[in-house]
Amino acid sequence: MTGLAAISDTLAADLAGLSFSSPVAHVYNPLLYAREPHTAYLARFGSPPKGVLFVGMNPGPWGMAQTGVPFGEVAVVTEWLGINGAVGRPAGEHPKKRVDGFACRRSEVSGRRLWGLIRERFGTPERFFARFFVANYCPLLFLTADGGNITPDKLRRGEQEPLFAACDLALRRTVELLRPRVVIGVGAFAEARCHEALEGFDVEVGRIIHPSPASPAANRDWAGTALRQLAELGVDF
């Protein structure tokens, strides 16, 4: 295994020994149970070089947690990206956040917004991935005992440090492979991690607004705001 798939496999192995305390009660790693569609995404669309790398935070429960693809709402992944594959179940699955893989009927709003804009602007995946790639900084989904989402920035500091060290290394290896001119964090957390992980790299780091419906600003005009931010970064989108 070479390229992005090898980086992904190494990251999964580096994270396997980590443990997380309350309020984290469940940890999903789609790099493992959704490895088949995840590696299909990397193999089909991750050939270097790329001019721009988008970096998300971590999987959403109805997106990458189901499909193994960053921001990977089921309909977009199957119908536009043309990716399918076997998806198992995470250990310690929460009954409110079941992994049904490509049979999942829930919609990931963040994924629908991000990939919807990409599809509108580029038409075909091939046109987009000729210059761009989308990855996630952290591949793990964290849930509370009642099924609530915990983002990586809310973890205990002592649990963040080994997690971020492994994810930083994977991001650096990804940038070394893809050689982008610009790395764009999708949201403030991803931008901050990119700045720290890529210190000393000859890349420009920027940010676009996160498409999460939890963000009032994203609900007003996410696409318009993101396009303005990309233009300010000098990205031809």
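I will go through the two sheets of this predicted model and then one pair of packed helices.

Let me begin with the sheet of four strands, which is open, has the order E3-E2-E6-E7 and is paired in parallel. At its edges stand strand E3, residues 132-136, and strand E7, residues 204-208, and each has a single partner strand, so one side of each is left without a neighbour in the sheet. From one strand to the next the twist averages 25 degrees. If you look at strand E2, residues 52-56, you will find that E2 pairs with E3 in the parallel sense over five bridges, and that Phe54 stands opposite Val134 in E3. Helix H9, residues 188-197, lies across E2, strand E6 (182-186) and E7, and runs at about 175 degrees to E7.

The other sheet is also open, but here three strands follow the order E1-E4-E5 with antiparallel pairing. Its edge strands are E1 (26-28) and E5 (149-150), each pairing on one side only. Between E1 and strand E4, residues 141-143, the antiparallel pairing extends over three bridges, with Val27 opposite Phe142 in E4.

Turning to the helices, how do H6 and H10 cross? The axes of helix H6, residues 109-122, and helix H10, residues 216-232, come within 11 Å and cross at roughly 40 degrees, and the two helices are therefore oblique to each other. The crossing of H6 past H10 is right-handed. On the H6 side the contact is made by Arg113, Leu114, Leu117 and Arg121, while H10 contributes Ala218, Asn219, Trp222, Ala223, Ala226 and Leu227. Sorted by class, this contact has seven nonpolar residues, one polar and two charged.

Technical notes:
Residues numbered from 1 in each chain as written. Predicted model: local features only at pLDDT ≥ 70, side-chain atom pairs only at ≥ 80, totals over all residues. Heavy atoms only, no water. Pairing = 2+ DSSP bridges. Axes fitted to C-alpha atoms, helices over the stretch in contact; angles between N-to-C directions. Parallel < 35°, antiparallel > 145°, perpendicular 65-115°, else oblique. Left-handed = near helix turned anticlockwise from the far one by under 90°. Contact = heavy atoms within 4.5 Å. Nonpolar A, V, L, I, M, F, W, Y, C, P; charged D, E, K, R; others polar.
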